[in-house]
Amino acid sequence: MQNFQIDEIASNVAEKSYSRESWQGGYKSLTEELDYWVDDIEGEIPADLNGTLFRNGPGLLDINGKNIHHPFDGDGMISRITFTNGRAHYRNCFVKTKAYLEEQKAGKILYRGVFGTQKPGGWLANAFDFNLKNIANTNVIYWGGKLLALWEAAEPHKLDPRTLETLGKEYFDGVLSEGEAFAAHPRFDPSCEQDNGEPCLVNFSIKPGLSTTITIFELDTKGNIVRKNAHSVPGFAFIHDFAITKNYCIFFQNPVAFNPIPFALGMRGAGECIKFQPNQPTKVIIIPRNIQNNSDKNKVQILETQSGFVFHHTNAFEKDDEIIIDSICYEALPEVEPESDFRETNFEALKPGQLWRFHLNLENNTVSKELIENRCCEFPCVHPEKVGRDYRYLYMGAGHAAEGNAPLQAFEKVDLATGEKQIWSAAPHGFASEPNFVPRNREGDEDDGWLLGLVYDSTHHRSDVVIFDAKELNKGPIARLHLKNHIPYGLHGNFVNDVFVDV
């Protein structure tokens with residue numbers, strides 16, 4: 001079966017833009033919790049850039065010197081970068097989950113991790129132990145006056161936005177039950193038709209099995225869950241992200257199978273029991289957002305496209321009889337092996353993620369696709385007012401080279417109208433993260449604003465906060481803030497206009 005990939009293996013690329021040793025430094029734990037004003041700055045922070053960038057990711061890659069098996073098993077650490085009156089402040093804090101506190105007190109691993117981290121003692125110590133820890137390490141959002149650390153397999157943790165102190169788990173006034181999942185990739189609808197044009201937050205949860213239950217949540221601006229609908233779809237689903245339009249939620253059901261026996265017997269983590277099925281199609285699940293009764297649930301459509309794997313979507317919108325969705329696609333799921341070491345990843349042996357556009361025809365139930373960006377890329381973002389709407393510009397982390405697979409070392413801007421692409425690279429010693437677009441004025445041009453990102457500087461073992469004029473990304477940062485510490489490679493975060501430090 002034809003798949004997404006059309007690129008050659010990266011070993012055909014003549015010269016690498018990085019060394020593995022340099023890249024590995026970003027996967028060292030940060031054990032300190034810090035609080036300081038940034039005073040080492042190249043360039044100038046824009047005077048009208050005011051607000052807070054929250055980031056989340058695994059801060060601990062070991063427990064008392066014992067390495068975890070995969071970074072996705074690392075305890076969540078929130079970094080907060082505040083911009084106010086031309087200055088910047090940094091603070092970080094671990095999410096003090098119950099499991100984090102227990103393991104720190106014990107000085108050893110006490111819990112199994114989803115992606116292969118095991119308790120000491122071999123399979124006998126891990127067999128039939130299904131008590132996985134909520135690591136709260138994937139995303140952080142500020143919505144309805146609440147700062148929430150998200151991990152997609154369980155409920156959120158609520159934090160104090162000023163101190164980053166962990167306040168406990170968040171159940172949204174009992175709408176969420178104990179242990180119920182609340183995914184780590186919400187979408188922020190800038191103008192929800194069901195809420196008279198007010199913004200709303202849309203999120204989901206997955207309960208996999210022989211059939212999978214997808215539950216969709218919609219929250220008003222006060223942080224209340226005002227709509228919750230569950231839908232059953234055939235087969236096992238492993239879904240990290242989704243996209244929304246004004247009227248639909250769109251999920252890509254990647255072709256994978258789950259064998260629970262090695263996990264139950266304590267031989268493997270749950271994530272190591274997921275296997276990609278290259279001869280099966282990728283299914284596209286389209287669920288209406290405006291569900292009034294049970295008959296509306298029958299309007300769910302499931303389309304099929306070629307085999308491939310999608311972690312992240314850029315955006316989606318409706319046009320005539322189609323939904324158009326732009327996504328980062330891989331030829332296959334990079335599987336986690338029991339004896340592997342993620343620090344020794346052989347990038348050259350893997351195919352890169354690439355940006356594709358899918359046309360979902362709701363009238364004839366067909367899917368067509370086209371390649372937008374051949375370059376290795378991940379973590380796309382758009383103007384917040386364009387979520388679920390037709391849009392022109394997107395930003396993402398990218399590889400330094402135009403071909404092949406490698407760590408992210410660059411930021412890229414794509415103009416979907418003209419095809420123009422702008423690149424700024426931190427190679428050979430810098431490694432990039434997910435960017436965040438911050439509009440200067442929500443009524444201005446779509447690319448009128450700043451692009452914020454974190455770059456791990458392997459030469460100085462520290463992280464830099466880089467600020468770009470989003471119109472002219474290729475001219476490089478207008479300001480580069482050298483932090484006193486490194487931030488281990490993170491996952492997701494969000495910018496809000498609120499300031500949580502005293503000037």
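Okay, to start: in S13, which residue is the bridge partner of phenylalanine 188? It's leucine 201. Keep phenylalanine 188 in mind, since that residue comes back when we get to the pockets.

One caveat before going on: what you have on screen is a predicted model.

Let me do the whole chain quickly. We're looking at 5 helices and 35 strands. The radius of gyration comes out at 22 Å, close to the 23 Å that the globule rule gives for 503 residues, so the chain is as compact as a globular protein of that length. If you lay the C-alpha trace along its principal axes, the spans are about 60 × 60 × 55 Å. And 60% of the 503 residues count as buried.

Now, sheets. I picked two of them. Let me take the one with our phenylalanine. This is an open sheet of 4 strands, in the order S12-S13-S14-S15, and the pairing is antiparallel. Who's on the edges? Strand S12, residues 187–189, and strand S15, residues 225–234; each has a single partner strand, so one side of each is left without a neighbour in the sheet. On average, neighbouring strands here are turned by 25° against each other, if you ignore direction. The contact between S12 and strand S13, which covers residues 200–207, is made over 3 bridges, in the antiparallel sense. The phenylalanine 188 and leucine 201 pair from my opening belongs here, with leucine 201 sitting in S13.

The other sheet is also an open one with 4 strands, S8-S9-S10-S11 in that order, again with antiparallel pairing. Its edge strands are S8, at 139–143, and S11, at 166–169, and each of those pairs on one side only. The average turn between neighbouring strands of this sheet is 30°, direction ignored. Strand S10, residues 157–159, is joined to S11 by 3 bridges, and the two run antiparallel. If you want a residue to click on, leucine 159 stands opposite threonine 166 in S11.

While you're on S11, have a look at glycine 168, which has its place in that strand. Is it buried or partly exposed? Its relative accessibility is 24%, so glycine 168 counts as partly exposed, given that buried means under 20%. Its C-alpha is 8.7 Å from that of proline 156, and those two residues are 12 apart along the chain.

Right, empty space. Rolling a probe the size of a water molecule over the atoms shows where empty space is left. How many cavities of 30 Å³ or more do we get? The count is 2.

The largest cavity holds about 60 Å³. Its lining is Ile63, Ile68, Asp73, Glu103, Ile109, Tyr111, Arg112, Gly113, Thr117 and Lys133. By class, that's 4 nonpolar, 2 polar and 4 charged residues.

The second largest cavity is about 40 Å³. Around it you'll find Ile216, Glu218, Arg227, Asn229, His231, Pro288, Arg289 and Ile291. Two elements give two or more residues to that lining: strand S14, at 211–219, and S15. S15 gives the most, with 3 residues. So that edge strand from earlier, S15, turns up again in a cavity wall. The class split for this lining is 3 nonpolar, 2 polar and 3 charged.

Then pockets, and I'll stick to the second largest. Its volume is about 1,000 Å³. There are 39 lining residues, and the ones nearest the centre are Phe188, Pro384, Arg442, Asn494 and Phe495. There's our phenylalanine again. Split by class, the lining has 18 nonpolar, 13 polar and 8 charged residues. Which strands supply at least two lining residues each? They are S8, S12, S22 (309–319), S26 (377–381), S31 (436–439) and S35 (493–496). Two names there should ring a bell: S8, an edge strand of the S8-S9-S10-S11 sheet, and S12, an edge strand of the S12-S13-S14-S15 sheet.

Last stop is S35, since Asn494 and Phe495 are among the residues nearest that pocket's centre. Gly493 and Phe495 point one way from S35, Asn494 and Val496 point the other way, and all of them are buried. S35 is joined by 4 bridges to strand S3, residues 51–58, and the two run antiparallel. In that pairing, arginine 55 has glycine 493 as its bridge partner.

That's my tour, so over to you.

Terms used. Residues numbered from 1 in each chain as written. Predicted model: local features only at pLDDT ≥ 70, side-chain atom pairs only at ≥ 80, totals over all residues. Heavy atoms only, no water. Pairing = 2+ DSSP bridges. Axes fitted to C-alpha atoms, helices over the stretch in contact; angles between N-to-C directions. 1 Å grid on protein atoms, 1.4 Å probe; cavity = no way out; pocket = protein on both sides within 12 Å on 5 of 7 lines; lining within 4 Å. Points joined across faces, edges and corners; volume = space filled by probe spheres on them. Nonpolar A, V, L, I, M, F, W, Y, C, P; charged D, E, K, R; others polar. Rg over C-alpha atoms; globule rule 2.2 N^0.38 Å. Buried < 20%, exposed > 50% of the residue type's maximum accessible area, 1.4 Å probe, protein only.
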